[in-house]
Amino acid sequence: MNLLQMTARIIDRFLEPKTAHAHCDIPCGIYDPHYAQLAAHTVVRMTQLIEQKKEDAHAVARYAKTKEEHAELCKQEIRIIWGDYFKPEHIQKYPQLHEMTYNIMKAASKARQEVSMQAAEELLESVNRFAEIFWETKGVRTYRAKAPYPTEREIAVPQLK
Amino acid sequence: MIRRYIVKGHSMEPNFHDGDKLMLSSLFLKPKSGDVVVFSSGGRDYLKRIAAVTAKNNFTAVGDNKSHSSEHAITRKQIKGKFLMKY
């Protein structure tokens with residue numbers, strides 16, 4: 001033990017060293033907005049189906065249930081990324097993130113409560129924009145493509161090559 | 001200037017263990033890839049290793065124990081010291 005180490009140990013008796021955290025939540029580092037995007041597309045699709053089959057009460061009940069479940073799933077996935085993934089430095093770079101997340105919560109609630117294509121589309125657009133920012137923070141470029149789903153709406157996709 | 005820290009957590013194992021006491025230097029600090037640093041984020045101090053220099057004064061920091069650590073994008077201003085020795 002050298003003199004510096006001995007001195008540090010003596011100082012520790014009077015003044016505790018600071019804590020350096022070497023941990024984080026588990027699972028770590030595995031975040032992806034894709035589930036939220038799928039859920040938002042499902043909300044759009046269920047809204048389409050409800051409007052197409054208004055006369056079939058049984059079908060409408062099933063579509064409404066699925067729409068509500070996926071609106072809630074969308075909110076949950078966005079909350080996880082917002083709360084667990086985004087760090088202060090991300091918020092500094094993208095100061096709109098807090099308001100964007102809040103607006104997604106409100107849009108998802110509206111799309112869940114109502115049968116409104118406008119609300120469903122607003123939800124999908126805001127989730128796609130959220131996904132674009134998420135990938136930007138990882139240095140991954142994205143592009144918009146027509147999703148291969150019956151919704152025939154856009155999806156923001158990462159360029160992972 | 002020398003700073004003293006005690007490690008809490010397992011994200012830097014097997015090189016740094018929970019309870020290890022460390023000395024860090026904040027003098028002549030030129031962080032580079034591979035350095036172990038303490039940086040401040042969200043009101044907390046974290047011990048991680050610099051994995052990459054992403055731009056001038058911008059770094060990616062990760063834990064040595066990959067299954068217990070996530071990536072952090074940090075700037076030079078957040079870094080409080082570079083690891084010198086255990087004591």
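This is a short tour of where chains A and B meet and of some salt bridges in this predicted model.

**Stop 1: the two chains together**

Start by showing chain A and chain B in two colours. Select the residues of each chain that touch the other: you should get 30 residues in chain B, in contact with 23 in chain A. The area buried between the two chains is about 2,400 Å², and carbon and sulfur atoms give 57% of that area. Now pick out B:Arg4, B:Lys8 and B:Tyr87, the residues of chain B that lose the most area to chain A. Together these three make up 27% of what the chain B side buries.

**Stop 2: what crosses between the chains**

How many salt bridges are there between chain B and chain A? The count is two. For one of them, zoom in on A:Asp12 and B:Lys21, whose side chains meet with N and O 3.1 Å apart. Polar contacts between the chains come to 13 residue pairs, counting those with both residues at pLDDT 80 or more.

Switch to a cartoon view of chain B to see which elements take part. Strands β1 (2-8), β2 (21-25), β3 (36-41), β4 (44-55), β6 (72-75) and β7 (79-86) each give two or more residues to the side that touches chain A. By class, that side of chain B holds eleven nonpolar, ten polar and nine charged residues.

**Stop 3: strands side by side**

Next, select residues 18-21 of chain A, which form its strand β1. This strand runs parallel to β1 of chain B, and four bridges join the two. You can follow the pairing residue by residue: A:Lys18 has B:Tyr5 as its bridge partner, while A:His21 stands opposite B:Lys8. You met B:Lys8 at the first stop, among the residues of chain B that lose the most area to chain A.

Stay with β1 of chain B and add β2 of chain B to the selection. These two strands pair in the antiparallel sense, over five bridges. In this pairing B:Ile6 stands opposite B:Lys21, and B:Lys21 is also the salt-bridge partner of A:Asp12.

**Stop 4: salt bridges within chain B**

Over all chains, the count of salt bridges is 17. Two to look at lie inside chain B. First select B:Lys32 and B:Asp35, with their closest N and O atoms 3.4 Å apart. Are these two residues buried or partly exposed? B:Lys32 is partly exposed, at 46% relative accessible area, whereas B:Asp35 is buried, at 10%.

Then go to B:Lys80 and B:Asp45, which meet at 3.3 Å, N to O. B:Lys80 sits in strand β7 and B:Asp45 in strand β4, so this salt bridge ties together parts of chain B that are 35 residues apart in sequence. B:Asp45 is buried, with 9% relative accessibility.

**Stop 5: a network in chain A**

Finish in chain A by selecting A:Arg144 and A:Glu125, whose side chains form a salt bridge at 3.0 Å, N to O. A:Arg144 belongs to strand β2 (residues 142-146) and A:Glu125 to helix α6 (residues 117-137), and the pair is 19 residues apart. A:Arg144 is partly exposed at 26%, and A:Glu125 is partly exposed at 39%.

Now widen the selection to A:Arg129, A:Glu132, A:Glu136 and A:Glu154. Along with A:Glu125 and A:Arg144, these residues are joined into one network by salt bridges that share partners.

Definitions and conventions
Residues are numbered from 1 along each chain as its sequence is written. Chains are lettered from A and ligands numbered from 1 in the order in which they are written. This is a predicted model: local features need pLDDT of at least 70, side-chain atom pairs count only at pLDDT 80 or more; totals for chains, interfaces and linings use all residues. Side-chain values use heavy atoms; hydrogens and water are left out. Contact means heavy atoms within 4.5 Å. Buried area is the accessible area (1.4 Å probe) that two parts lose on being put together, summed over both. A salt bridge is a side-chain nitrogen of Lys or Arg within 4 Å of a carboxyl oxygen of Asp or Glu. A polar contact is a pair of N or O atoms within 3.5 Å; within protein, one must be able to donate a hydrogen and the other to accept it, and residues adjacent in sequence count only if both atoms are side-chain atoms. Ala, Val, Leu, Ile, Met, Phe, Trp, Tyr, Cys and Pro count as nonpolar, Asp, Glu, Lys and Arg as charged, and the others, Gly among them, as polar. Two strands pair if DSSP finds at least two bridges between them. Buried means under 20% relative accessible area, exposed over 50%, partly exposed in between (1.4 Å probe, protein chains only).
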